[in-house]
Amino acid sequence: MGCSDAEPKAGSSAAKTSVEQAASADERLAGLARKAADGGSLGVIVRVDRGKGAPVEIARQAAWTKADHRIAATDQFRVGSNTKTVTATLVLQQVAKGRINLADSVEKWLPGLVKGGENITVRMLLNHTSGLDDFLLTPEFLPSLTGRQQRTWRPEDLLAITPEQDPPAEPGEKYSYSNANYAALGLILEKATGSSLAELIEQKITKPLGMKDSFLAVNADWPTGKQHVTGYEPDAERLRDILSPAVELPEGVGFKGPERPGDNIDTTAIDPSWAWAAGAMVSTAQDWQRFLTALMSGELLPKAQMKQMRTTVAAPEEGGGYGLGLMKVNTSCGTVWGHTGGLPGYSSEIYTDAGGHRSVAVLTSTNFGIKEKAAATANKALVEAATCRMLGKPLPAESSGE
């Protein structure tokens, strides 16, 4: 288990108190994970690495999910939009080499592919200020998102159906998160390097860092001989209640997959390959923490590019600011850096401290399911407590509702 910041002399009363406090904090963290799993998160992996001592690893799940899979902290997981941090790192490596300039227009690299591309820069794609909307909930794409249509989407196809923001926003005007930005960045990377995105990820990130359980998914298949988390989403009726009134889903629209207890659908087999440079990576808590700590400690980028990556625009909905593929999140225990991810059946938050010395991962086996009020409250409490534990701060006081 992790230790406190202080280093009391072994055998002293202070050392015993420190160990007891750590054990108490970890016990409480495990209790919050249990509450989240039983309260709508269904399956939870928490991994806290404080840079010294053994990491804290917790895996909890709702009882009925054990018939599908017994979750373990080492299971593979679809990390969704955490992939954006990898894509941004690869782009900035090319910036360091002079092959790509952050001021380059999209039109220069992808002529005719992005509407208004002559006024959108690579930097704007990276920090989501391009003015492009998202394709996720468009009528053309929604059947693929829910697994009701089996279609292989090329990034060019996704850019073609990407709408303008409503109301329209000029490039550089404001932050608005969009997967279309990273579909374009993946194409720019491939054009600048002559290598496929999957090759770049393996050559520049996963292989050098020893991330043996991480790869870019090209279909819905999971590796044989390795355990993976089973993902779930609410059925059509529950989903409509969760998203309303913010999103009006057409009647009967819901996730396709085996029906499970509690009005849930098993979404493990939904193809995530459309997410590509924006969110198609599979990893584990340990692997991704290894990547993020290497990045934030300066192992993957020169200082100039790290400064660029950490230069943020205001993004209140993300809890602070958004840099170049990197979120700055202000918590009750301090500021952390990282990203979040969400795909059908999979939600994740993975952060480090400013220097990449400590890291935390909270992986949840539902995405839309934790948008229900009670589930969202329990999940938020778990993430906040795990982050405080990572930073070596006391866990937040329990609310009266806990």
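# A guided tour of aromatic pairs, strands and pockets

A search of the whole structure finds 11 aromatic pairs (rings of Phe, Tyr and Trp, the last by its six-membered ring, with centres within 6.5 Å; planes under 30 degrees apart are stacked, over 60 edge-to-face, and the rest tilted). This is a predicted model, in which local features need pLDDT of at least 70 and side-chain atom pairs count only at pLDDT 80 or more, while totals for chains, interfaces and linings use all residues. Residues are numbered from 1 along each chain as its sequence is written, and side-chain values use heavy atoms, with hydrogens and water left out.

**Stop 1: aromatic rings**

Select Phe135 and Phe141. Their rings form an edge-to-face pair, 5.3 Å centre to centre with 80 degrees between the planes. Phe135 counts as buried at 1% relative accessibility, where buried means under 20% relative accessible area, exposed over 50%, and partly exposed in between (1.4 Å probe, protein chains only). Phe141 is buried as well, at 0%. Now add Trp153 and Trp274 to the selection: with Phe135 and Phe141 they form one aromatic cluster.

Keep Trp153 in view and select Arg151, which lies over the face of Trp153, 3.6 Å from the ring centre. For a charge to sit over a ring, NZ of Lys or CZ of Arg must be within 6 Å of the ring centre and within 35 degrees of the ring normal. Another such case is Lys84, whose charged end sits over the ring of Tyr182, 5.7 Å from its centre.

Move next to Trp288 and Phe291. Their ring centres are 5.2 Å apart and their planes stand at 65 degrees, so this pair is edge-to-face. Both residues belong to helix α11 (residues 285–296); because they are 3 residues apart, about one helical turn separates them. Helices (H or I, at least four residues) and strands (E, at least two) are DSSP runs, numbered from the N terminus. Trp288 and Phe291 are both buried.

**Stop 2: strands**

Select strand β10 (residues 320–322) together with β11. They pair in the antiparallel sense over 3 bridges; two strands pair if DSSP finds at least two bridges between them. Gly320 has Val329 of β11 as its bridge partner. The two strands form a hairpin with 4 residues between them, and in the turn Gly325 has a positive phi of about 75 degrees.

Which residues of β11 are on its covered face, and which on its uncovered one? Met327, Val329 and Thr331 are on the covered face, whereas Lys328 and Asn330 are on the uncovered one. In a regular strand the side chains alternate between the two faces of the sheet.

Extend the selection to β12, which runs antiparallel to β11 and is joined to it by 5 bridges. Here Val329 has Val336 as its bridge partner, and the hairpin of β11 and β12 has 2 residues between the strands.

Then find the open sheet of 3 strands in the order β5-β7-β6, with antiparallel pairing. β5 (232–234) and β6 (259–260) stand at the edges; each has a single partner strand, so one side of each is left without a neighbour in the sheet. In this sheet, Pro234 stands opposite Asn264 in β7.

**Stop 3: backbone details**

Most residues other than glycine have a negative phi, and most peptide bonds are trans. Select Leu42, in the loop between α1 (13–41) and β1 (43–49); its phi is near 70 degrees, a positive value in a residue other than glycine. Next, select Trp276 in helix α10 (residues 276–279), where phi is near 40 degrees. Finally, go to the bond from Asp166 to Pro167, which is cis, with omega near 0 degrees. Pro167 lies in the loop between α6 and α7.

**Stop 4: pockets**

A pocket is found on a 1 Å grid over the protein atoms alone, as an open set of points where a 1.4 Å probe fits, with protein on both sides within 12 Å along at least five of seven lines; lining residues have an atom within 4 Å of a point. The largest pocket is lined by 46 residues; select Glu317, Glu318, Thr340, Asn367 and Lys371, which lie nearest its centre. Elements giving two or more residues to this lining include β11 (327–331) and β12 (334–343). The volume of the largest pocket is about 1,600 Å³, a volume being the space filled by probe spheres set on the points, which are joined across faces, edges and corners.
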